[in-house]
Amino acid sequence: SNGGEATDRPLFAIATAWKGLQAELGDGHAALTLRSFSSGCSLISPLFGCLGIAFKFAEKDYVAKVHDLCGAAKEYETLTAMIGQDIRNDTVRNGGSHTRNLLRVLRGVDMVRVLFEHILVTEGNSLKEPASKAYDQVFAPHHSWTIRKAVSAGMFMLPTKSQFLKKLHEEEDSARTHIEEFVKSATPVVEYVNNVFVTNELGTDW
Ligand code: 1PW
């Protein structure tokens, strides 16, 4: 797999993999394979680990769900095939179902995408400001009061942006390039997966 490269330069590995996912999608009519999607999602896991102890729980939740999707990829060729099975079994919204895990993982990816968008336009060294905005946009509407309070307390323990980039072995300039590339590629991929939910009439608001 992507071993050394992924641990050395996580942002480079992420940007490269997601560029590949966007290419796999082509003009949007091709089906995305579950294998490449879940491996692209697993490359994002180290980012959560760089957010410090406060986000250990978020990291564990994300990693476990990505792991489930990687396992499902041995059984299903495409995301659509995997979701179809949950629809036939009437297990779409069941705790731990592949489809439910996919929706959670998709939100994790979207959170990183939105966080990066905010980082690109935020002056200064704060990670708390862009991370809080991204959380409020992507996750907060789906989380209970208790989780929202825990997350907002965790925001005070985030590293600074420069500490975060240092943990990722990046300089400001190289990081910006990879971040821009990821945002550009992830946008249509997230939109595609979102659309799979919508066209199957599963909704994304749960
Ligand atoms: C690089 C990202 C930067 C900022 C920090 C991100 C904070 C993300 C917060 C996630 C908090 C995880 C709390 C877990 C909640 C679960 O109950 C929930 N999972 C998610 C991902 O919302 C539902 O999972 P379930 O019930 O389907 O197992």
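User: What makes the ligand oxygen atom that is 2.7 Å from an N or O atom in the side chain of Arg100 part of a polar contact?

Analyst: A polar contact is a pair of N or O atoms within 3.5 Å, so the 2.7 Å at Arg100 qualifies. The 2.8 Å between a ligand oxygen atom and an N or O atom in the His143 side chain, and the 3.2 Å between a ligand nitrogen atom and one in the Asp61 side chain, pass the cut-off too. Around these contacts, the protein covers 85% of the 720 Å² of accessible area that the ligand has on its own (Shrake-Rupley method, 1.4 Å probe).

This is a predicted model, where local features need pLDDT of at least 70, side-chain atom pairs need 80 or more, and totals for chains, interfaces and linings use all residues. Residues are numbered from 1 along each chain, and side-chain values use heavy atoms, without hydrogens or water.

User: Which residues come nearest to the ligand?

Analyst: They are Asp61, Lys65, Arg100, Arg104 and His143, out of 16 around the ligand; a residue is near if one of its heavy atoms lies within 4 Å. Helix 7 (98–121) gives the most to this shell, with five residues.

User: How many residues of each class are in the shell around the ligand?

Analyst: There are 11 nonpolar, one polar and four charged residues.

User: Why does the radius of gyration of the protein chain agree with a compact globule?

Analyst: Taken over C-alpha atoms, the rule is 2.2 Å times the number of residues to the power 0.38. For 206 residues it gives a value near 17 Å, and the chain has 17 Å, so the two agree. The C-alpha trace spans about 50 × 40 × 25 Å along its principal axes.

Methods:
A polar contact is a pair of N or O atoms within 3.5 Å; within protein, one must be able to donate a hydrogen and the other to accept it, and residues adjacent in sequence count only if both atoms are side-chain atoms. Helices (H or I, at least four residues) and strands (E, at least two) are DSSP runs, numbered from the N terminus. Ala, Val, Leu, Ile, Met, Phe, Trp, Tyr, Cys and Pro count as nonpolar, Asp, Glu, Lys and Arg as charged, and the others, Gly among them, as polar.
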